[in-house]
Amino acid sequence: MTPNIDPIIHIDEELCTGCRRCAAVCPVDAIIGEAGTPQKIDAHRCVVCGQCVQTCAAYAAESEPALTSRAEKLRQRGQLSSVREPLFAAYSTGHALELKEALADPKRYKVVQCAPVIRVSLAEEFGLPFGTLTPGKMAAALRLLNFDRVYDTNFGADVTIMEEGSELIGRVMSGERLPMFTSCCPAWVKHAETAAPHVLDHLSSCKSPMQMVGALVKTYSAELDGVAPADILSVAVMPCTCKKFEAGRDEMNVDGLREVDMVITTRELAQLIKDKGIDFMNLPDEPFDSPLGKYSGAGTIFGATGGVMEAAIRTGYELVTHESIPNLQLDFIRGDEGIRTATVQIGDLELKVAIVAGLKYVSSILEQVSDGTCPYHFIEVMACPEGCVSGGGQPKLLLETQRKAAYQARKSSIYRHDSNQKVRKSHENPAIIKLYKDFLGEPLGHTSHHLLHTKFFSRSVKGELK
């Protein structure tokens, strides 16, 4: 099974009113058209972040006979026939219908992973307040949907810190390819490949946490469960529409098998739960499966802007100094949309860091790298306004006034979940320690390089670079 990486974001010309609200939130000017006329998307420039899907307010009127039927539009969009929500002009290709059919196949061993922020946003689709934390109900619902293993992308986030943190320490010590950019946001990676290929050597070579879990599902986990990798259906639930694109990249395979066979969004998971008739509100809490369901608080905070940086510093500090970090809650890293910078004292090293929340803010940093004046060692970039909490696949906020409150509630819930974890540093996660002891060997070792690292390639077209 090969994920489809054809254009994932669409604008329905029958429904678009040409209000250009989508163009106003697009960070890369990929929306084309005059006001008052249907808009089009430049698929090459588009980073598939889905912010246009989140903000679109034009939807199909049920009483308009001239439109293509609702049933046909749902089919074209890859959505279940049971979906009752309005059909908006801007939408992302769905895979819930395809996944429903795959889950009914008794020959497949069905494995799912969930991104950190799904557990703080899924409940909104069932009428609960913004940011309600429901990891246990989510795990129970996924088992009722017929998944054989319920794993967690947070585990992959912990692995990412082990690999990326080691990579950063090596680069800082050698002074090579600095600054180092994070590589876990696929929309940022696509933008770098398209508009700034000169910085690709500065990106961490780490695959994203989703792809790391996918690779381990078809190797480490397959061995533990005694399942042939080719029989595994690897599914990811993501807040991000660009994760569908990332899973389909040619290089995202392990020994010829796709690492992640299918990606659905938070909204699509809610649609599947409703379609199955599952009473989500009254589900008993269930745990994730071991070992790829065990995570630290550091893995959880990947869902908010600054989370990757904070998790990396927690581990990096202790690997470099061999001392406990004085304070686990790094408030100077946390924040909202925009650019934040800080200097972190790690032993004798003054580590200069920057956090970019929102892709439209990254251009100044890219210019600094180009002219050799960038002062930072490590830069986190997330394409969406406040990180994954504001992803294009998250529950749609129908009123603009709700947006800030929703993002704040989701972030607060993530940080509360972190603070309640017994283990809050990736390198202290017992499941991570065992993974390296039994399977990977060491960070940046041969097996890690084979499974968990990748290369990025220029997608630029001659003449388009500014």
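Here is a quick look at the packing and the internal cavities of this predicted model.

Residues are numbered from 1 along each chain as its sequence is written, and side-chain values use heavy atoms, with hydrogens and water left out. Local features need pLDDT of at least 70 and side-chain atom pairs count only at pLDDT 80 or more, while totals for chains, interfaces and linings use all residues.

Let's start with the packing. The largest nonpolar core (buried Ala, Val, Leu, Ile, Met, Phe, Trp, Tyr and Cys joined through side-chain atoms within 4.5 Å; buried is under 20% relative accessible area with a 1.4 Å probe, protein chains only) has 118 residues, and Phe181, Trp188 and Leu269 touch the most other members. Helix α12 (residues 307-321; a DSSP run of H or I, at least four residues) gives the most to this core, with 6 residues. There's also a second, separate core of 26 residues, with Val159, Met162, Met212 and Phe439 among them.

Now for the holes. A search of the whole structure turns up 6 cavities of 30 Å³ or more. A cavity is a set of points on a 1 Å grid over the protein atoms alone where a 1.4 Å probe fits but cannot get out, and lining residues have an atom within 4 Å of a point. Volume is the space filled by probe spheres set on the points.

| Cavity | Volume | Lining |
|---|---|---|
| Largest | about 280 Å³ | 23 residues |
| Second largest | about 200 Å³ | 16 residues |

Nearest the centre of the largest cavity sit Cys184, Pro239, Lys243, Met382 and Cys388. In the second largest, Val53, Gln79, Glu85, Tyr91 and Arg267 are the closest to the centre.

Terms used: Buried means under 20% relative accessible area, exposed over 50%, partly exposed in between (1.4 Å probe, protein chains only). Helices (H or I, at least four residues) and strands (E, at least two) are DSSP runs, numbered from the N terminus. On a 1 Å grid over the protein atoms alone, a cavity is a set of points where a 1.4 Å probe fits but cannot get out, and a pocket is an open set with protein on both sides within 12 Å along at least five of seven lines; lining residues have an atom within 4 Å of a point.
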